[in-house]
Amino acid sequence: MARKPNKVIWITGASSGLGRSLAIAQAARGNRVIASARSEDALEELAALDANITALPCDITDAASLETAGARMAEISSHLDQVILNAGNCEYLDFPDPDWAAIRRVMEINFFGSVNCVRLALPMLRKSPGGQPHIVGVASQVTAAPFPRSEAYGASKAALQYFFDSLRIDLASEKIDVTVVNPGFVDTPLTRNNNFPMPFLMDVDRAASRIVKNIEARPRSYSFPLRLSALLFISKLMPAFWQKMVAPRTERAKTQSNPGVGK
Ligand SMILES: NC(=O)c1ccc[n+]([C@@H]2O[C@H](COP(=O)([O-])OP(=O)(O)OC[C@H]3O[C@@H](n4cnc5c(N)ncnc54)[C@H](OP(=O)(O)O)[C@@H]3O)[C@@H](O)[C@H]2O)c1
């Protein structure tokens, strides 16, 4: 039986991992999903799974690509009810001679890319007929504690959290809600590059279904799994102990090549 589309939702980073699962889950609920990423083939495969999903390829770091995507988005829908800004990448720094440029590359995607998307989406969110649009930003629990080699990734997600927290205040008078989602470790192409133990690693579809369910109430933030949040809280209570606990990972990881590059 045909489902009546409910919300119009733009999801970035939908070609793989969390974004792909979020797109499938939101479409299955009868929402109309506009799915973005750079990999056109993967987006077409995704769109073929559900008539409620439309592929909208774009590079969120590229102004021209975003402008084209914005024009195409306006043809697909007159408005947006929700955006899930999920596109992201991770590169680790390897000391003593790190690739410092990695910090700028990661910031460009994770932070400035999401800012670009907010700028593009706002006029369409303001036209939401329901009058209560929702911006969802995917950050990370990495910001709850310092991790070795995570200078680029952690800083980009901390910047993103602050951006969304501040944005929430400025958009409140327009009744635009902002939620920051902080996942723990989820089994996706991104984390499959990691060579260190990932406590409480979650299945990607399970993680996506938790996100979809929990953002419904539009909380300021949603961090999961709770067991990881509790573990990371140790770093605040006992920072010296935390440093000792995670430091050996740096030595082990030195044998690993920079995993996120090129994603
Ligand atoms: N997996 C975890 O454990 C975990 C934990 C906390 C937070 N997160 C966050 O969750 C989000 C999704 O990550 P994931 O684990 O699902 O990784 P993933 O499978 O590698 O997905 C990343 C997505 O971002 C897209 N992307 C990257 N650069 C882009 C660009 N310049 N323009 C447009 N799209 C771009 C990728 O598509 P293309 O390459 O096709 O462009 C892909 O669809 C990220 O923000 C990540 O930081 C993940």
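Is R29 buried, exposed or partly exposed? With a relative accessible area of 44%, R29 counts as partly exposed, since the label covers values between 20% and 50%. Keep in mind that this is a predicted model, and let's use R29 as our way in.

R29 forms a salt bridge with E216, and their closest N and O atoms are 3.3 Å apart. R29 sits in the loop between α1 and β2, while E216 sits in the loop between α6 and β7, so the pair ties together parts that are 187 residues apart in sequence. E216 is partly exposed too, at 42% relative accessibility. If you set aside its neighbours within four places in sequence, E216 is in contact with K7 and R29. For a sense of distance, try E216 and K236: they are 20 residues apart in sequence, yet 30 Å apart in space from C-alpha to C-alpha.

Now step back from E216 into the helix that leads up to its loop. Helix α6 covers residues 204–215. At 1.5 Å a residue, its 12 residues should span 16 Å, and the end C-alpha atoms are indeed 16 Å apart, so the two values agree. At the N-terminal end, D203 acts as a cap: one of its side-chain oxygens lies 3.1 Å from the backbone nitrogen of D205.

Which residues of α6 are buried? They are V204, A207, A208, I211, V212 and I215. Look down the axis of α6 and these buried residues fall within an arc of 135°, so they line one face of the helix. They pack against α1 (17–28) and against the strands β4 (82–85), β5 (134–138), β6 (177–183) and β7 (221–224).

Strand β4 takes us to the nonpolar interior. In soluble globular proteins, nonpolar side chains tend to be buried together. Here, the largest nonpolar core has 31 residues, and those with the most contacts inside it are W10, I34, L80, V83, I135 and F164. The elements that give two or more residues to this core are β1 (8–12), α3 (63–76), β4, α4 (101–125), α5 (151–171) and β6. The largest share, eight residues, comes from α4. A second, separate core has 29 residues, including L22, L46, A55 and I84. To see how one residue of the largest core is surrounded, find V83: leaving aside its neighbours within four places in sequence, V83 is in contact with W10, A121, L125, H134, I135 and V136.

Helix α5 is worth a visit as well. Its 21 residues reach 30 Å from the first C-alpha to the last, close to the 30 Å expected at 1.5 Å a residue. Its buried residues are A152, Y153, G154, S156, K157, L160, Q161, F164, L167, R168 and L171. What covers them includes β4, α4, β5 and β6. Why does Q161 count as buried? Because its relative accessible area is 15%, and anything under 20% gets that label. Apart from its neighbours within four places in sequence, Q161 is in contact with A139, S140, T143, V180 and N182.

Finally, back to the charged pairs. Side chains of opposite charge can pair when their charged atoms come close. How many salt bridges does the structure hold? There are 10. One of them joins R72 and E75, at 3.5 Å from N to O. These two are three residues apart in helix α3, so about one helical turn separates them. R72 is partly exposed, with a relative accessible area of 37%, whereas E75 is exposed at 60%.

Another salt bridge links R126 and E174, with closest N and O atoms 2.6 Å apart. R126 lies in the loop between α4 and β5 and E174 in the loop between α5 and β6, so this pair ties together parts that are 48 residues apart in sequence. Both ends are partly exposed: R126 has a relative accessible area of 46%, and E174 comes in at 34%. That brings us round to our starting point, where salt bridges that share partners join K7, R29 and E216 into one network.

Conventions
Residues are numbered from 1 along each chain as its sequence is written. This is a predicted model: local features need pLDDT of at least 70, side-chain atom pairs count only at pLDDT 80 or more; totals for chains, interfaces and linings use all residues. Side-chain values use heavy atoms; hydrogens and water are left out. Helices (H or I, at least four residues) and strands (E, at least two) are DSSP runs, numbered from the N terminus. The expected span of a helix is 1.5 Å times one less than its number of residues. Buried means under 20% relative accessible area, exposed over 50%, partly exposed in between (1.4 Å probe, protein chains only). The arc is that of the directions from the helix axis to the C-beta atoms. Contact means heavy atoms within 4.5 Å. A polar contact is a pair of N or O atoms within 3.5 Å; within protein, one must be able to donate a hydrogen and the other to accept it, and residues adjacent in sequence count only if both atoms are side-chain atoms. A nonpolar core is a set of buried Ala, Val, Leu, Ile, Met, Phe, Trp, Tyr and Cys residues joined through side-chain atoms within 4.5 Å. A salt bridge is a side-chain nitrogen of Lys or Arg within 4 Å of a carboxyl oxygen of Asp or Glu.
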